Amino acid sequence: MQSINKRFNLKGLHLLLSVVWKTSPFVFVTVLLVTLANTALQFIPVLMPKIIIDELMGQCRNSILARDIALFVAVSLGLNVFTMALQYYINTKNLEITKEFNLKIGSKLLTMDYEYTESPAALDKKEQAYQAISASGGITSLLNTLISTISSLLSIAGLIYILSTLNYLIIGIIVLIILINTLLQRKTRNIQYSFWHKLIPVNREYNYFYRTILDFNFGKDIRLYNIKDLLLQKSKQNMKKTVDNMMELTNKKSLYACVTEIAVLVQQGVIYGYMAYKVLNNSINIGSFTMYVSAVYKLSQNINLIIGYIINLSQSLLYLNAFVEFINLPNQKQRTGQPVKLTNPYQLKLVNVSFKYPAAEQYTLHNVSLTLNSGDRLSVVGMNGSGKTTLIKLITRLYDPTEGEILLNGVNIKNYDYTEYLDLFSVVFQDFRFLAASLKDNITVGQGCKERTHLLETLSKVNLHEKIEGFVNQEDTMLYKIFDEQGVDLSGGESQRLAIARALYKDAPIVILDEPTAALDPLSEYHLYSHFNDLTANKTAIYISHRLSSCKFCDTIAVFQRGQLIEKGSHEELMACSSGIYREMFNAQAKQYVI
Ligand SMILES: Nc1ncnc2c1ncn2[C@@H]1O[C@H](COP(=O)(O)OP(=O)(O)OP(=O)(O)O)[C@@H](O)[C@H]1O
């Protein structure tokens, strides 16, 4: 796992500024105004006491005193109200900016190479990117910290100027203490950073188990296999790791905070003693004393604040850089290429294809060569784990072959435009998923607006029309009850038919069904087979099934064993081979039906 790039770089800041600009350029003006107003507010408590005390100790004119006090109060009030109004605007924009960052992560997750979804390194990067949004106030506090930092810097410059009229040595002492504090804060920042970094895999595991607890889809398995204890145990283990790390962090942070506090107290003792001596010496008056005292206090306060701000900023920028690294994670898959112009006849051909999953040591597919002509019906059979689904993942470019190539009309499929190529396929995987949205949206998803009759025809092809037309809201009925009490839960077989409907509605030229009848009752299965040719009319079909009797209607049957294509031919041809695996498997299954 590559760690976050710790080197200072401004990619994150650049991204933040461009998102802010896109959200509203006026935010920059607001930030500038708030910064100036905040700086001005810092000087009122420094200058006001001196002016009033000087007047009290001097001519003591009531009208002047009243005027000065009213002026200070009015300016303070005005600046505070002005700052609050602008700050309110910035905070609302901050929400939009955070939303924009969330969308960027979402969009990356939806478009990154499929294999990243199984890569722990990429998933850790995703967690780091989320920390940019959530850790230490995230993006929301970043702009505010930026304002406070600039405002503190300006204040420090002004306060140094005031103190320089007394003695440069005072500034030297303050700077020395600051250096000590900076060192300690830097140490704090480093242990905090490594703490969060160490926790990334722990958090990911914790989130996984916690999400599983919240996911009703696991409800049945959890209860029937008593997975509750395992889940709680895993959650507790991860929580313990977090707490242990947190304790270590808190102990170190407390120690550094203690030393910092002592250094500040020493600094104040020396400076106040020096100024008291100056008053006793008549070098400065009481008004100036209060001004210098306030200036010292404000300077220390601002310097301490600014160290914190800079640490926060650099940490946030570090996370922001991780965010940039994640959203810029390069897709390995070639996505652009020539347009797909598919006219009959066409040919899909696997040439010596071998494949190894990214993190795997063994090859899953070995030297597979297979040709599929337009209109063909290919059945893929084999034992569990023999590589059937993997073959489909390669054909549909979820993964690219490790060796060999897949050609469409003689052109490597990598050289076609990725999206156009995917449009060629209607696939039903075994682990299909639906959204908690209307049935119609689930079926028509991504296909734009087609006639309602097309939707109803599709539903009738999979024998779901009566069921859905029976719902009060028909195809607008929500799937699941997550957002709507009237929502429906479909049985396993009905869900599978809905998945097939979604694939058919897409009306792509190549239909791939991975175990399409596993959850269907015998009548539904019969219905599917007897209409299979209608369902896939004018299309090329690939069909994976363990029910060998249902493969007979395919022109060609490809038999896989341990990642190798070991037999290929029609049902009759394969049955004629007395030592063939297909024949053996078919007969073994057929025996179960003999009464
Ligand atoms: N993402 C993955 N990473 C590593 N190995 C994987 C991955 N997915 C599948 N495999 C491995 O590849 C092999 C083939 O899996 P595949 O799903 O292609 O088999 P299958 O023939 O479709 O099996 P089944 O009949 O059980 O559905 C299995 O041994 C499996 O463990």
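The following exercises, each with a worked solution, concern a predicted model.

**Exercise 1. Domains**

Determine into which domains the protein is divided, and state what distance separates the centres of domain 1 and domain 3.

Solution. Begin with the bounds. Domain 1 covers 11-327 and domain 3 covers 432-507. Domain 2 is made up of the segments 334-424, 510-522 and 539-595. Next, take the centres over C-alpha atoms: those of domain 1 and domain 3 are 50 Å apart.

**Exercise 2. Two helices in contact**

Describe how helix α4 and helix α9 cross, and decide whether α4 is roughly parallel, roughly perpendicular, roughly antiparallel or oblique to α9.

Solution. First, locate the helices: α4 spans residues 120-134, and α9 spans residues 286-327. Their axes come within 8 Å and cross at roughly 135°. Second, classify the angle. Angles over 145 degrees count as roughly antiparallel and those from 65 to 115 as roughly perpendicular. The crossing angle of roughly 135° falls in neither class, and α4 is therefore oblique to α9. Third, give the handedness: the crossing of the two helices is left-handed.

Fourth, list the residues that meet. From α4 these are Lys125, Lys126, Gln128, Ala129, Gln131 and Ala132. Their counterparts in α9 are Tyr319, Leu320, Ala322, Phe323, Glu325, Phe326 and Ile327. Finally, sort the contact by class: eight residues are nonpolar, two are polar and three are charged.

**Exercise 3. The open sheet**

State the strand order of the open sheet of six strands, and identify which strands lie at its edges.

Solution. Start with the order, which is β6-β7-β8-β3-β9-β10, with mixed pairing. The edge strands are β6 (425-428) and β10, since each pairs on one side only. Neighbouring strands are turned against each other by 15° on average, with direction ignored. Then consider what packs on the sheet. Helix α15 (residues 492-506) does so, touching β6 and β7 (510-514). The direction of α15 makes about 180° with that of β6.

**Exercise 4. The β9-β10 hairpin**

Establish in which sense β9 and β10 pair, and which residues stand opposite each other.

Solution. Strand β9 (residues 556-561) and strand β10 (residues 564-569) are joined by five bridges in the antiparallel sense. Within this pairing, phenylalanine 560 of the hairpin stands opposite leucine 565 in β10, and glutamine 561 has glutamine 564 as its bridge partner. Two residues lie between the strands, which form a hairpin. In the turn, arginine 562 has a positive phi of about 45°.

**Exercise 5. Strands β1, β4 and β5**

Trace the pairing from β1 through β4 to β5, and find which residue in the turn between β4 and β5 has a positive phi.

Solution. Take β1 (residues 347-355) and β4 (residues 403-408) to begin with: they pair in the antiparallel sense over five bridges. Leucine 348 stands opposite leucine 408 in β4. Leucine 408 also stands opposite valine 411 in β5. Two bridges join β4 to β5 (residues 411-412), and these strands run antiparallel. The two form a hairpin with two residues between them, and asparagine 409 in the turn has a positive phi of about 50°.

**Exercise 6. Backbone details at β1**

Identify where the cis peptide bond lies, and which residue of strand β1 has a positive phi.

Solution. The cis bond runs from asparagine 344 to proline 345, with omega near -10°. Proline 345 is in the loop between α9 and β1. In strand β1 itself lies asparagine 352. Although not a glycine, asparagine 352 has a positive phi of about 45°.

Key: Residues numbered from 1 in each chain as written. Predicted model: local features only at pLDDT ≥ 70, side-chain atom pairs only at ≥ 80, totals over all residues. Axes fitted to C-alpha atoms, helices over the stretch in contact; angles between N-to-C directions. Helix = DSSP H or I, 4+ residues; strand = E, 2+ residues; numbered from the N terminus. Parallel < 35°, antiparallel > 145°, perpendicular 65-115°, else oblique. Left-handed = near helix turned anticlockwise from the far one by under 90°. Contact = placed C-beta atoms within 7 Å. Nonpolar A, V, L, I, M, F, W, Y, C, P; charged D, E, K, R; others polar. Domains from an automatic or database assignment.
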